[in-house]
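Dear colleague,

Please find the structure below, handed over for your further work. My findings follow it.

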Amino acid sequence: VSHGNGRQLDERLDAYVDGALDPRERAEFERRLGGDAALRAEIQRQRAIDEALFRLFPLPSADRAGSILHAARQRGEIAVPELPEADESTSAAPQGIRPRRPFFRRISTYAYAATILLLAGGGWWVKTVLFPPYEIGSDQPLPFVKIEPAAAIQRIERENYEPDVVCKDDQQFAALTWKYTKQGLLLPQPLPAGVEVVGWSLAQTILSRQTLVLMTKVDGQWVYVIIDTKHNDRPLTSPPGYRLFRGEVGNLFLYEVTPLDEPKLLKLFFDPKKDEAWYRAGMIW
Amino acid sequence: MDRAAKPETSRSEVRPGNAGRLSAEEFAASFNQSFRLFWLIAVGITRDAALAEDIVQDAAMIALRKLEEFQPGTSFNAWMGQTVRFVAYNASRKEQHRRNSSLQPADTDGGLTRLATPEQAELTMGRRGELSADQGCFDDHVMSALSEISETARACLMLRTLGGLEYSEISKVLDIPEGTAMSHVHRSRKTLRDQLAPHFAGWAGTVGGEA
């Protein structure tokens with residue numbers, strides 16, 4: 001940060017990004033953020049860098065420990081014990097054990113990615129190799145500040161109800177849900193009278209980094225649908241003036257946040273059950 | 001910090017009993033619990049995710065040979081973390097030596113192969129700091145900028161950012177004072193932001209661009 005108590009502000013910025021400030025400190029920092037565009041920009045940059053680190057170094061799943069001990073055992077240099085709770089059927093044929101390679105044969109992940117890029121020469125590889133989607137249900141830690149639906153709605157209001165993404169057709173709509181949750185979702189067409197889909201609000205970390213918020217209008221009133229995988233479910237608090245209804249479609253749960261007395265959207269959603277190629281063809285991001 | 005899946009450290013650490021030496025089975029249980037913590041140390045030092053697994057494997061082999069050196073009642077993670085650091089530093093030196101003696105120009109920036117010209121790599125960002133899919137070079141620049149940070153500082157950064165560890169926990173597994181761990185993280189992040197500043201050009205919120 002280029003101004004103000006340099007180091008102290010950097011420390012505060014880091015703590016904010018890490019979600020390590022207590023509620024009072026956080027509120028105080030956010031008040032400052034409100035009037036400091038440079039500080040806001042600095043935070044966005046730090047978040048972009050952190051996201052890059054997560055992409056560059058995805059944490060291995062916890063069960064890799066067993067695979068590593070198994071590989072060490074295969075080397076036969078020393079007695080290596082089985083993990084106490086190891087399942088014999090899986091430890092005998094561990095998944096994805098990578099044999100040790102001599103240093104001169106090691107090729108960096110990036111050199112490999114570059115080769116693939118050169119060979120494939122297409123944007124698809126840019127997406128999937130350099131920007132792999134977060135793996136839902138993996139053990140990858142995703143530190144973020146979980147927010148309640150009320151905060152998500154406040155953000156939408158602050159942004160004048162401007163959606164992050166507006167899908168032009170069903171394929172794009174389903175592709176977006178598939179990208180974030182590995183399951184497609186659709187609403188029937190035509191929509192029931194009085195229902196209007198406005199667009200998507202992304203990066204609303206209500207339950208995870210993948211949480212999607214669909215912005216709709218029902219009978220002229222704003223109604224939101226929070227979507228995430230069951231893996232990330234947790235109890236949510238109703239925003240003031242809204243009621244919360246929960247539904248499920250396949251591996252997803254949906255919370256309808258509505259000022260109305262009953263849910264109007266939950267029962268409409270369905271899984272189009274398309275293949276991966278169809279979803280990828282619908283991706284516009 | 002959110003701790004949804006943080007690597008286990010002191011609070012949940014398996015502490016082998018005070019009586020007798022650490023058994024191989026106790027080692028396996030403790031290793032299983034803290035494996036990702038060790039991986040983060042290794043990847044911080046080497047900047048190579050694949051190599052990090054090899055390092056952790058080598059460190060496990062060494063530790064198993066020296067089980068009698070473990071002091072019962074002390075922290076397994078601190079003991080094993082020391083071995084991982086030792087192996088990782090050695091691997092890093094070897095890799096550095098190999099690169100220095102290599103004639104392959106693609107290796108000169110730390111194993112990175114440049115994927116685009118600076119013009120191609122200029123980064124623009126969405127309203128919430130999201131990268132668009134066709135701006136795939138930013139990660140390469142982050143990787144390159146990481147080379148400007150010391151190995152220990154990188155390990156602190158990884159443990160904090162990717163592992164979500166408290167500074168006290170980082171202090172323990174890296175055997176450095178807590179204040180040093182904190183300082184490493186702050187400086188590392190600042191260094192990365194400064195190093196990457198040119199790649200945020202064109203973004204509305206560039207430092208100094210807005211009052």
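For the angles in this message, axes are lines fitted to C-alpha atoms, for helices over the stretch in contact, and angles run from 0 to 180 degrees between N-to-C directions. Please note that this is a predicted model.

I begin with a helix pair in chain B. Helix 7 of chain B (residues 167-174) and helix 8 of chain B (residues 178-196) have axes that come within 8 Å and cross at roughly 105°. Angles of 65 to 115 degrees count as roughly perpendicular, and that crossing therefore makes helix 7 of chain B roughly perpendicular to helix 8 of chain B. On the side of helix 7 of chain B, the contact involves Tyr167(B), Ser168(B), Ile170(B) and Ser171(B); these meet Glu178(B), Ala181(B), Met182(B), Val185(B) and His186(B) of helix 8 of chain B. By character, the residues of this contact are 5 nonpolar, 3 polar and 1 charged.

Helix 8 of chain B also agrees with its expected length: at 1.5 Å a residue its 19 residues should span 27 Å, and its end C-alpha atoms are 27 Å apart. Among its buried residues are Ala181(B), Val185(B) and His186(B), which also take part in the contact with helix 7 of chain B. Arg189(B) and Arg193(B) of helix 8 of chain B are buried as well.

The second subject is a sheet in chain A. Its 5 strands form an open sheet in the order 1-2-3-5-4, with antiparallel pairing. Strand 1 (195-201) and strand 4 of chain A are the edge strands, each pairing on one side only. On average, neighbouring strands are turned by 25° against each other, direction ignored.

Within this sheet, strand 5 of chain A (residues 252-258) has 7 of its 7 residues buried, so it is largely enclosed by the rest of the structure. Leu252(A), Leu254(A), Glu256(A) and Thr258(A) are buried on one side, and Phe253(A), Tyr255(A) and Val257(A) on the other. Strand 3 of chain A (residues 221-229) is joined to strand 5 of chain A by 6 bridges, antiparallel, with Ile226(A) opposite Tyr255(A). Strand 4 of chain A (residues 243-249) pairs with strand 5 of chain A over 7 bridges; Leu244(A) has Val257(A) as its bridge partner, and Phe245(A) stands opposite Glu256(A). These two strands form a hairpin with 2 residues between them, and Gly250(A) in the turn has a positive phi of about 60°.

Finally, helix 8 of chain A (residues 149-158) lies across strands 1, 2, 3 and 5 of chain A, at about 125° to strand 3 of chain A.

With kind regards

Key
Residues numbered from 1 in each chain as written. Chains lettered and ligands numbered in written order. Predicted model: local features only at pLDDT ≥ 70, side-chain atom pairs only at ≥ 80, totals over all residues. Heavy atoms only, no water. Helix = DSSP H or I, 4+ residues; strand = E, 2+ residues; numbered from the N terminus. Parallel < 35°, antiparallel > 145°, perpendicular 65-115°, else oblique. Contact = heavy atoms within 4.5 Å. Nonpolar A, V, L, I, M, F, W, Y, C, P; charged D, E, K, R; others polar. Expected span 1.5 Å × (residues − 1). Buried < 20%, exposed > 50% of the residue type's maximum accessible area, 1.4 Å probe, protein only. Pairing = 2+ DSSP bridges.
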